[in-house]
Amino acid sequence: MKKFFNKLGFRKMDEMEQYIAFKAQRNALIFLLVALFVWTIYEACETILYDTMLNPIPCFLLATASSIQLCSQLVMARNAVKDDENYVGTSPLVKTIICICVIVGIIITFGAVMLIMGVGA
């Protein structure tokens with residue numbers, strides 16, 4: 001299987017390529033979050049000004065993307081120092097609680113929107 005991927009041009013990235021890929025992914029995430037935030041604000045203003053039905057998709061995507069980033073950052077930070085005996089850090093209890101609250105809030109909000117729109121009926 002390794003030979004197959006090598007023939008296709010896939011190989012392990014060096015440090016510079018990893019840095020470039022990280023920066024590109026970071027820029028794409030920032031663009032995604034800003035675009036979703038603007039879309040959410042637009043939908044909220046449209047709902048308030050013109051008394052239309054709220055489109056929950058941008059709110060849901062924004063909250064989901066933010067919570068996935070926060071949770072993955074917590075897990076990766078914990079795994080990076082898991083076996084280090086010299087590391088004495090504080091437990092990220094506040095971030096963990098916020099992450100759990102955001103995920104529960106997303107689930108409750110999505111369920112409430114589905115009930116209001118009549119999807120479950």
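What follows is a chat about helices, a surface patch and cysteines in a predicted model.

Me: Before we start, what are the ground rules for this model?
Reply: It is predicted, so local features need pLDDT of at least 70 and side-chain atom pairs count only at pLDDT 80 or more, while totals for chains, interfaces and linings use all residues. Residues are numbered from 1 along each chain as its sequence is written, and side-chain values use heavy atoms, with hydrogens and water left out.

Me: Cool. Which residues make the nonpolar surface patch?
Reply: Trp39, Tyr42, Ile57, Phe60, Leu61 and Phe110 form it, over about 560 Å². Helix 2 (15-50) and helix 3 (57-80) are the elements that give two or more residues to it. Patch residues have over 30% relative accessible area and no salt bridge; like charges are joined within 9 Å, and nonpolar side chains (Val, Leu, Ile, Met, Phe, Trp, Tyr) within 5 Å. A salt bridge is a side-chain nitrogen of Lys or Arg within 4 Å of a carboxyl oxygen of Asp or Glu. Areas are Shrake-Rupley values with a 1.4 Å probe, and for residues only the protein chains shown count as cover.

Me: And which helix gives the most to it?
Reply: Helix 3, with 3 residues. Helices here are DSSP runs (H or I, at least four residues), numbered from the N terminus.

Me: Phe60 is in helix 3, right? Why does Phe60 count as partly exposed?
Reply: Yes, Phe60 is found in helix 3. Phe60 is partly exposed because its relative accessibility is 31%; buried means under 20%, exposed over 50%, and partly exposed in between (1.4 Å probe, protein chains only).

Me: Switching to helix 2: what is buried there?
Reply: Leu36, Thr40, Glu43 and Thr47. Their cover includes helix 3.

Me: What does Thr40 touch?
Reply: Pro58, Cys59 and Leu62, leaving aside residues up to four places away in sequence. Contact means heavy atoms within 4.5 Å. Thr40 has 13% relative accessibility, so it counts as buried.

Me: And what is buried in helix 3?
Reply: Pro58, Leu62, Ala65, Ser67 and Leu74. Helix 2 and helix 4 (93-117) are among what covers them.

Me: New topic: how many disulfides does the structure hold?
Reply: It holds 0, counting pairs of cysteine sulfur atoms within 2.5 Å.

Me: Why is Cys45 not bonded?
Reply: The closest cysteine sulfur, in Cys59, is 11 Å from the sulfur of Cys45, which is too far for a bond.
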